[in-house]
Structures are given as C-alpha cells and as structure tokens.
Amino acid sequence: MSVLERLNAKQREAAACVDRHVRIIAGAGSGKTRVVTTRIAYLIEECHVYPNKILAITFTNKAAREMKERVESMLGPLAHSVQISTIHSFCVRLLREDIRELGYPRNFTILDSEDQKSILKELYKEKSVDSKVYSYPSMLGYISACKSAFVSPVQAKEMAQLEGQRIKAGVYEAYEKRLKDMYALDFDDLLLQTNILFRDFPEILEKYQKKFDYILVDEYQDTNLVQFKLVDLLA
C-alpha cells in the first residue's frame, strides 16, 4: 500500500511532486502537515532517498514534535535519521560545529529573554536611558527587527534621524558589544550568524548544500528576511 493512498487527489499531487520546487497553498485544517510528512515518507519509501538527506524545518517546537511523531508512525526507526527541527535548533547544531570560524567558541551561550532584559537594565543605567520611555520589550523588538532585516548597529546609527532613533541605535550597539564580550548569542543571532557563516565561508555553505537533497519548510509564508535567506542559500 502506497503512503499516498491516505491522501486526496490534490494532496497526492503535492506529496508526489519531488523533482522541482513546490509551494503548497491551502487553508488551515486542510492537511498541509499531513502532506509534508507523507512527502517525507514517499521520498524514502518509494523514491529511495536516504533519510539523512532530508531536512524538514518548522518554526515552533510543538510543530516539530508533531511532525516527528507523524513521520515515525509511517516509517518507524527510519524516521530517526530525518532531520526535523525548528529553524533555530537547526542553526544551533550547525553553529556548535562551525562557529569557531567567526571567533566564537563552540560552547557559546544562548540568551533567553530574561538574560536579554538583564543586559538592557545594565546598559540603561550606563547610558541613562529611561525604561518608562523605552521599555525593555520595545527595545528588544527594535533590536530583533534590525537583525531580522540584516541591519547592523553601524547601519542603524547611520539611518537614525530622530533623537529616539539615535538612542535606540546606541543601545543596540552597546548590546551587541556586550554579547560579543560574553561570547553569547540571542535567538535572532542564531539565524543571523548562520547566514554570516554561509556568506563568508562558501566551503561551509557547500558542505550543508551537499548534505541535504530535499528541504521542506512548514508555514513558509511566515519566514522573515533572515529566515528566507537561510533556506534560499541551502537550496
């Protein structure tokens, strides 16, 4: 029995299309995740693709767990060789292996939101920034938006025209220096530094391009620029 038989006609068409780039557009609850997981099983069982040559990327831990469970139910132990993870987890594994090229140790620290807030509190004191005017969440949102758009602290300062923009750009610059001194990365850095690694070290990019023959991205429409660029480079 083919794994495709559990799908309807349109779903089978999407799952069995394996020779070119495919974009699936469908509403909530219409079976997109089922199609993606069935496509993985189809590639392995009927196209004889090695499981470790398939990368499936999601954007939440819950979605990654669900995808792993569904693939395991279809493939059993074979599913363990398929790399299914959030895009951040994928980048963490990659950076642990190759980030020394960027001057970081392999055991770099990953900051959570509380760590970030603690750093901002210190910087606000040093720079006499009022947290009532520039709240910590809004500042972290500004920094995240800059990183997601590949805007460096230097570029942020150059673009700043209003006093408030200059203050935020100054905090961003100090925040980045503090992280560098700590050999620490925040969640946005995991994606940004992977992009930089691929950009500056083509041989590392080539290694990962050769590692995967098929890349599947769940909820692809929700990718921001830095996420899109990462997948685009890999493909």
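This report walks through the fold, cores, helix packing and selected residues of a predicted model.

## Overall layout

The protein has 235 residues, and 46% of them count as buried. Its secondary structure consists of 11 helices and 5 strands. Along the principal axes, the C-alpha atoms fill a box of roughly 70 × 35 × 30 Å.

Many contacts span long stretches of sequence. Take the contacts between residues at least 6 apart in sequence: 71% of these join residues at least 24 apart.

## Nonpolar cores

In soluble globular proteins, nonpolar side chains tend to be buried together. Here the largest nonpolar core holds 29 residues. Which members touch the most others? Leu95 and Phe198 do. Five elements give two or more residues to this core: β1 (54-58), α4 (87-98), α9 (187-200), α10 (202-211) and α11 (225-234).

A second core lies apart from this one. It has 24 residues, including Ala15, Ala41, Met67 and Val82.

Phe198 shows how the largest core is wired. Beyond its neighbours within four places in sequence, Phe198 is in contact with Leu94, Ile204, Leu205, Tyr208, Leu230, Leu233 and Leu234.

## Packing of α4 on α9

Two packed helices are described by the angle between their axes and the distance between the axes. For α4 and α9, the axes come within 9 Å and cross at roughly 55 degrees. That angle makes α4 oblique to α9. The crossing of α4 and α9 is left-handed.

Helix α4 brings Ile87, His88, Cys91, Val92, Leu94, Leu95 and Asp98 to the contact. Helix α9 answers with Phe187, Leu190, Leu191, Gln193, Thr194, Leu197 and Phe198. Leu95 and Phe198 thus appear in this contact. They are also the two members of the largest core that touch the most others.

## Packing of α6 on α8

Helix α6 covers residues 136-148, and helix α8 covers residues 163-182. Their axes come within 10 Å and cross at roughly 75 degrees. The two helices are therefore roughly perpendicular to each other.

From α6, the contact uses Met139, Tyr142, Ile143, Cys146 and Lys147. These meet Gln165, Lys168, Ala169, Val171, Tyr172, Tyr175, Glu176 and Leu179 in α8.

## Two buried positions: Thr86 and Val36

Thr86 lies in strand β2, which covers residues 83-86. Is Thr86 buried or exposed? Its relative accessibility is 7%, so Thr86 counts as buried. The side chains of Thr86 and Ser89 are joined by a polar contact of 2.9 Å. Not counting residues up to four places away in sequence, Thr86 touches Thr58, Phe59, Thr60, Asn61 and Ala64.

Val36 lies in helix α2, residues 32-45. Val36 counts as buried because its relative accessibility is 11%, and the cut-off for buried is under 20%. Not counting residues up to four places away in sequence, Val36 touches Met67 and Leu216. Val36 and Val71 are 35 residues apart in sequence, with their C-alpha atoms 9.4 Å apart in space.

## Arg96 on helix α4

Arg96 is found in helix α4. At 30% relative accessibility, Arg96 counts as partly exposed. What does Arg96 touch, not counting residues up to four places away in sequence? The partners are Arg106, Asn107, Phe108 and Ile110.

One of these partners also offers a polar atom pair. A polar atom of the Arg96 side chain lies 2.8 Å from the backbone oxygen of Arg106. Ser73 gives another view of the position of Arg96. Arg96 and Ser73 are 23 residues apart in sequence and 30 Å apart in space, C-alpha to C-alpha.

## Positive phi outside glycine

Most residues other than glycine have a negative phi, and most peptide bonds are trans. Two loop residues have a positive phi instead: Ser128 and Glu219.

Ser128 has a phi near 55 degrees. Ser128 sits in the loop between α5 (113-127) and α6. At 68% relative accessibility, Ser128 counts as exposed. Glu219 has a phi of about 55 degrees. Glu219 is found in the loop between β5 (214-217) and α11. At 34% relative accessibility, Glu219 counts as partly exposed.

Terms used: Residues are numbered from 1 along each chain as its sequence is written. This is a predicted model: local features need pLDDT of at least 70, side-chain atom pairs count only at pLDDT 80 or more; totals for chains, interfaces and linings use all residues. Side-chain values use heavy atoms; hydrogens and water are left out. Helices (H or I, at least four residues) and strands (E, at least two) are DSSP runs, numbered from the N terminus. Buried means under 20% relative accessible area, exposed over 50%, partly exposed in between (1.4 Å probe, protein chains only). A polar contact is a pair of N or O atoms within 3.5 Å; within protein, one must be able to donate a hydrogen and the other to accept it, and residues adjacent in sequence count only if both atoms are side-chain atoms. Contact means heavy atoms within 4.5 Å. A nonpolar core is a set of buried Ala, Val, Leu, Ile, Met, Phe, Trp, Tyr and Cys residues joined through side-chain atoms within 4.5 Å. Axes are lines fitted to C-alpha atoms, for helices over the stretch in contact, and angles run from 0 to 180 degrees between N-to-C directions. Angles under 35 degrees count as roughly parallel, over 145 as roughly antiparallel, 65 to 115 as roughly perpendicular and the rest as oblique. A crossing is left-handed if the near helix is turned anticlockwise from the far one by less than a right angle, and right-handed if clockwise.
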